[in-house]
Amino acid sequence: MRSLYCIVYDIRNAARLRKVTKIAENYGLRRQKSVFEAELSVSELAQMKRQMLAVIAPEEDGIKIFHLCEACEARRTGTGSGRPELPDRAWHIF
């Protein structure tokens, strides 16, 4: 079963930032500079977290992942570009 997640990060080092961004791009859709939405299975979420943890410096960097439950999704509001489909590559298990 897949769930929707919001991934937010603040990475201080440019090289680590590029690596974490590339990882996030492999799993989800960029919403803002350091904000992604991804629909992930439990195993995909665990894999993405492992990949990110292997890159970051926990004493300097931060990653937050928010599970967006169905009730939260139903209450979400906003304006603008809508909600495009995630690219096919976001569904691949690496």
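**Two helices and the core they share**

The side chain of Glu44 reaches the backbone nitrogen of Ser41 at 2.8 Å, a polar contact in the sense of a pair of N or O atoms within 3.5 Å, where within protein one must be able to donate a hydrogen and the other to accept it, and residues adjacent in sequence count only if both atoms are side-chain atoms. Glu44 sits in helix H2 and is buried, at a relative accessible area of 0%. Buried here stands for under 20% relative accessible area, exposed for over 50%, and partly exposed for anything in between, with a 1.4 Å probe and protein chains only.

A word on the model. It is a predicted one, so local features need pLDDT of at least 70 and side-chain atom pairs count only at pLDDT 80 or more, while totals for chains, interfaces and linings use all residues. Residues are numbered from 1 along each chain as its sequence is written, and side-chain values use heavy atoms, with hydrogens and water left out.

As for the overall layout, the protein has three helices and four strands, arranged along the sequence as β-α-β-β-α-β-α. These elements are DSSP runs numbered from the N terminus: helices are H or I with at least four residues, strands are E with at least two. Of the 94 residues, 34% count as buried. The accessible surface comes to about 6,200 Å², and carbon and sulfur atoms own 54% of that; such areas come from the Shrake-Rupley method with a 1.4 Å probe, and for residues only the protein chains shown count as cover. Among contacts (heavy atoms within 4.5 Å) with a separation of 6 or more, 77% link residues 24 or more positions apart.

Back to H2. With twelve residues (42-53), this helix should span 16 Å at 1.5 Å a residue, and its end C-alpha atoms are indeed 16 Å apart; the expected span is 1.5 Å times one less than the number of residues. Glu44 has buried company in H2, namely Leu45, Gln47, Met48 and Met52. Looking down the axis, the buried residues of H2 fall within an arc of 165 degrees, so they line one face of the helix. The arc is taken over the directions from the helix axis to the C-beta atoms. Val42, Arg50 and Leu53 are exposed on the other side of H2. What the buried residues of H2 pack against is strand E1 (3-10), helix H1 (14-27), strand E3 (35-40) and strand E4 (62-68).

H1 follows a similar script. Its 14 residues reach 20 Å from first C-alpha to last, close to the 20 Å expected at 1.5 Å a residue. Buried in H1 are Arg16, Val20, Thr21, Ile23, Ala24 and Tyr27. They cover an arc of only 160 degrees around the axis, which puts them on the same side of H1. Arg18 and Lys19 are exposed, on the face turned away from that buried side. The cover over the buried residues of H1 includes E1, strand E2 (29-32), E3 and H2. At the start of the helix, a side-chain oxygen of Asn13 comes to within 2.9 Å of the backbone nitrogen of Ala15. Further along H1, Thr21 is buried at a relative accessible area of 12% and, leaving aside neighbours within four places in sequence, is in contact with Tyr9, Arg30 and Phe36.

Then there is the core. The largest nonpolar core has 16 residues, and those with the most contacts inside it are Ile7, Tyr9, Val20, Ile23, Leu40, Met48 and Met52. E1, H1, E3 and H2 are the elements that give it two or more residues, and H1 supplies the largest share, four residues. By definition, a nonpolar core is a set of buried Ala, Val, Leu, Ile, Met, Phe, Trp, Tyr and Cys residues joined through side-chain atoms within 4.5 Å. In soluble globular proteins, nonpolar side chains tend to be buried together.

Two core residues show how the elements meet. Beyond neighbours within four places in sequence, Met48 is in contact with Ile7, Ile23, Tyr27, Leu40 and Ile65. Ile7, in strand E1, is buried at a relative accessible area of 0%. With the same neighbours set aside, the contacts of Ile7 include Ser34, Val35, Ala38, Met52, Ile63 and Lys64. Phe36 lies 29 residues from Ile7 along the chain, yet their C-alpha atoms are separated by 5.0 Å. Ala38, in strand E3, counts as buried at 0% relative accessibility, and its C-alpha atom is 6.1 Å from that of Tyr27, eleven residues away along the chain.
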